[in-house]
Amino acid sequence: MKETILTGKRLCKTFVEGNPVLQSADVEIYKGDFTIIMGSSGAGKSTLLYALSGMDSVTSGTVDYRGQSIIGLSEKQMAALRAKEFGFVFQQTHLVSNLTLLENVTVAGYLAKKETSKTIRAKAESLLRHMGVWGARNRLPAQVSGGEAQRAAIARAMIGEPGLLFADEPTGALNRASTQGVLNLLTGLNREGQTILMATHDLGAAIRGNRILYLEDGKILDELILDAYEEKNARQREEKASEWLSSLRW
C-alpha cells in the first residue's frame with residue numbers, strides 16, 4: 001500500500017470577484033508517484049498546485065503534509081517548510097539574473113540549511129552534472145538557452161532533497177527539443193524515487209506520470225492510472241490518455 005504524503009480535503013478558493021476556482025477539491029499524493037494535474041484552461045490547475053504547496057491560501061479546507069497541517073502556519077514556518085521539504089519548478093525559471101547557474105543552485109542550498117557550505121557546494125556541482133549543464137555552470141541565466149536554464153532550475157529545486165517536487169507547466173516556454181530533455185530529466189528523477197506533482201496542459205508531458213488527475217470546475221472529476229513510463233510505450237500511453245480525456249470532454 002502506498003504512503004500518502006500530502007492530502008488536501010474540501011479545498012475551496014474564491015477570489016475577491018466572487019468566482020470560485022476550487023470547489024471542495026479532494027486530493028491525495030502518494031510517495032514515489034509522478035502525479036499530473038490536467039484540466040481545461042481556467043480549471044484551476046495552478047491554483048490547486050499552489051494551495052497544496054502552501055504558496056497560496058485557501059478560502060476553506062485542509063492541507064496536511066506527512067500528517068502535519070500546513071494551514072495556519074506563520075509565513076516564517078511555511079517558508080521553513082518549503083525550504084526543507086518542497087522543491088519548485090515553474091514555467092519561468094526565476095533564476096537570479098546576476099548569479100551564475102552554479103551560484104543559483106548553491107544559494108538555494110544555503111537557504112535549506114541542511115548541510116555545511118562545502119557539502120552544499122559539492123552537491124550543487126553534482127546536480128549540475130546530473131542535469132547536463134555542468135559546462136554552463138559559470139554562465140549567467142541570460143547567457144544560456146531556455147532548456148539549460150530550466151535544467152539549472154530543477155537542480156536548484158533538488159538541492160534541498162525535497163520530499164515533494166512541485167512543477168507548474170515546466171515545459172510551457174520551451175521548444176520541442178528542450179521540452180523532451182526536461183521531461184526526460186523529471187522522469188529520471190522519479191525513477192530514482194523523487195515524488196513529483198506537476199500541472200500541465202500538454203498531453204505529451206502528462207503521459208510521463210503514472211497518475212493523471214482531471215480537474216473540472218474546481219473539483220477532481222476523475223483519475224487515470226498508468227504504469228511507469230517507458231519510451232517504447234509512449235504512443236500507447238498517449239492514445240489511452242487521449243481516449244480518457246475525450247471521454248471527459250477535454
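Where does threonine 93 lie? In this predicted model, threonine 93 is found in the loop between β6, residues 86–89, and α3. I shall begin with that residue, then turn to the strands and the helices packed on them.

Is threonine 93 buried or exposed? Its relative accessible area is 18%, and buried means under 20%, so threonine 93 counts as buried. Setting aside residues up to four places away in sequence, threonine 93 touches Ala149, Gln150, Ala153 and Arg156.

The helix at the end of that loop, α3, spans residues 101–112 and contains tyrosine 110. Tyrosine 110 has 39% relative accessibility and is therefore classed as partly exposed. Together with Val107 and Leu111, Tyr110 makes a nonpolar surface patch of about 280 Å².

Let me now turn to the open sheet. What is the order of its 6 strands? The order reads β6-β7-β8-β3-β9-β10, and the pairing is mixed. At the edges stand β6 and β10, the latter covering residues 219–225, and each of these two pairs on one side only. On average, neighbouring strands of this sheet are turned by 20 degrees against each other, with direction ignored.

Within this sheet, β7 (residues 164–168) pairs with β8 (residues 196–199) in the parallel sense, over 4 bridges. As an example of the register, alanine 167 has methionine 198 in β8 as its bridge partner.

Which strands does helix α1 touch as it packs on the sheet? Helix α1, residues 45–53, touches β3 (34–38), β6, β7, β8, β9 (211–216) and β10. The direction of α1 makes about 155 degrees with that of β7. Helix α8, residues 234–247, also packs on the sheet, where its contacts are with β3, β9 and β10. For α8, the angle is about 155 degrees with the direction of β10.

I come next to the strands at the start of the chain. Strand β1 (residues 4–14) and strand β2 (residues 20–30) are paired antiparallel, with 7 bridges. The two form a hairpin with 5 residues between them, and glycine 18 in the turn has a positive phi of about 95 degrees. Two bridge pairs may help in locating the register on the display. Leucine 6 is bridged to isoleucine 29 in β2, and threonine 7 is bridged to glutamate 28 in β2. As a general point, side chains in a regular strand alternate between the two faces of the sheet.

With which further strand is β1 joined by 5 bridges? That strand is β4, residues 60–65, and the two run antiparallel. Here lysine 9 has threonine 62 of β4 as its bridge partner.

Finally, I draw attention to glutamate 161, which is placed in the loop between α5 (146–158) and β7. Which residues does glutamate 161 contact, leaving aside neighbours within four places in sequence? The contacts are Lys114, Glu115 and Lys123. Glutamate 161 is also 29 residues from asparagine 190 in sequence, while their C-alpha atoms are 13 Å apart in space.

Note on methods: Residues are numbered from 1 along each chain as its sequence is written. This is a predicted model: local features need pLDDT of at least 70, side-chain atom pairs count only at pLDDT 80 or more; totals for chains, interfaces and linings use all residues. Side-chain values use heavy atoms; hydrogens and water are left out. Patches are made of residues with over 30% relative accessible area and no salt bridge: like charges are joined within 9 Å, nonpolar side chains (Val, Leu, Ile, Met, Phe, Trp, Tyr) within 5 Å. Accessible areas come from the Shrake-Rupley method with a 1.4 Å probe; for residues, only the protein chains shown count as cover. A salt bridge is a side-chain nitrogen of Lys or Arg within 4 Å of a carboxyl oxygen of Asp or Glu. Buried means under 20% relative accessible area, exposed over 50%, partly exposed in between (1.4 Å probe, protein chains only). Contact means heavy atoms within 4.5 Å. Two strands pair if DSSP finds at least two bridges between them. Axes are lines fitted to C-alpha atoms, for helices over the stretch in contact, and angles run from 0 to 180 degrees between N-to-C directions.
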